[in-house]
Amino acid sequence: MRESLKREEIVRGRRQLAVLVRSGKRVNGNALILSFHQQPEHNQESTPPRRIAIHLSKKIKGAVVRNRLKRRLREIFRRNKNWFSPGFDYLIQARPNAVQLTFEQLKNELQHLARAANLSSPNKTLSPPLIGKDKRDGAHWCPSAISSTKPAVYKQGSGNAQNPA
């Protein structure tokens with residue numbers, strides 16, 4: 001039984017990647033970045049596939065380490081395709097600190113990013129990401145938002161939730 005990704009589930013070609021990077025939306029995590037873009041309309045009657053591309057910087061030293069990380073990310077995607085909306089192309093970029101994460105931590109981070117990407121797809125609104133790590137279920141939370149009566153404000157680009165003054 002073949003358990004690898006099918007050919008139609010992989011973003012191939014420089015042009016397709018360029019479109020994904022240039023016009024795709026991004027969701028940032030601690031160790032991963034998930035970019036996504038809706039595929040052009042298909043004439044097929046069936047649902048379009050979810051397609052994935054993985055990019056790792058050479059800042060991640062050692063080909064063996066980079067390839068192991070790529071294999072882990074592909075396996076997480078293959079086992080959990082239901083996290084990703086059909087008809088979208090996804091680009092997973094790993095930061096150098098992703099090397100230190102275990103398989104489960106990578107899985108939790110990618111699941112969080114996939115949820116955020118599905119929320120920001122058309123006809124849905126994206127709530128601001130919360131900061132911090134809840135050890136119970138891997139969900140992100142913001143202590144200042146819980147302990148304060150004032151709502152937390154997410155500043156674009158700063159990566160911090162702060163109470164308004």
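E75, R78 and R79 are linked in a network of salt bridges, a good place to start a tour of the charged side chains here. Keep in mind that this is a predicted model. The structure holds 4 salt bridges, and the notes below go through several of them before turning to the surroundings of E9.

**The network in helix α2**

- E75 takes part in two of the pairings described here: a salt bridge with R78 and a salt bridge with R79.
- For E75 and R78, the closest N and O atoms are 2.6 Å apart.
- Both of these residues sit in helix α2, which covers residues 63-79, and their spacing of 3 residues amounts to about one turn of the helix.
- For E75 and R79, the closest N and O atoms are 2.8 Å apart.
- E75 and R79 are 4 residues apart in helix α2, so about one helical turn separates them.
- How accessible is E75, the residue that counts as partly exposed? Its relative accessibility is 21%, and the cut-off for buried is under 20%.
- R79 has a relative accessibility of 55% and therefore counts as exposed, since exposed means over 50%.

**The bridge between two strands**

- The side chains of R51 and D89 also meet in a salt bridge, with an N to O distance of 2.7 Å.
- Which parts of the chain does this pair link? R51 belongs to strand β3 (residues 51-56) and D89 to strand β4 (residues 88-94), so the bridge ties together distant parts of the chain, 38 residues apart.
- Are the two partners buried or exposed? R51 is buried, with a relative accessible area of 15%, and D89 counts as buried too, at 6% relative accessibility.

**The surroundings of E9**

- E9 is found in the segment before α1, the helix spanning 14-23.
- With a relative accessible area of 10%, E9 is buried.
- The side chain of E9 has a polar atom 2.9 Å from the backbone nitrogen of K6.
- What joins the side chains of E9 and K81? A polar contact of 2.6 Å does.
- Leaving aside residues up to four places away in sequence, E9 touches R50, R51, I52 and K81.
- R51 thus appears in two of these topics, because E9 touches R51 under the contact cut-off of 4.5 Å between heavy atoms and R51 meets D89 in a salt bridge.

Notes:
Residues are numbered from 1 along each chain as its sequence is written. This is a predicted model: local features need pLDDT of at least 70, side-chain atom pairs count only at pLDDT 80 or more; totals for chains, interfaces and linings use all residues. Side-chain values use heavy atoms; hydrogens and water are left out. Buried means under 20% relative accessible area, exposed over 50%, partly exposed in between (1.4 Å probe, protein chains only). A polar contact is a pair of N or O atoms within 3.5 Å; within protein, one must be able to donate a hydrogen and the other to accept it, and residues adjacent in sequence count only if both atoms are side-chain atoms.
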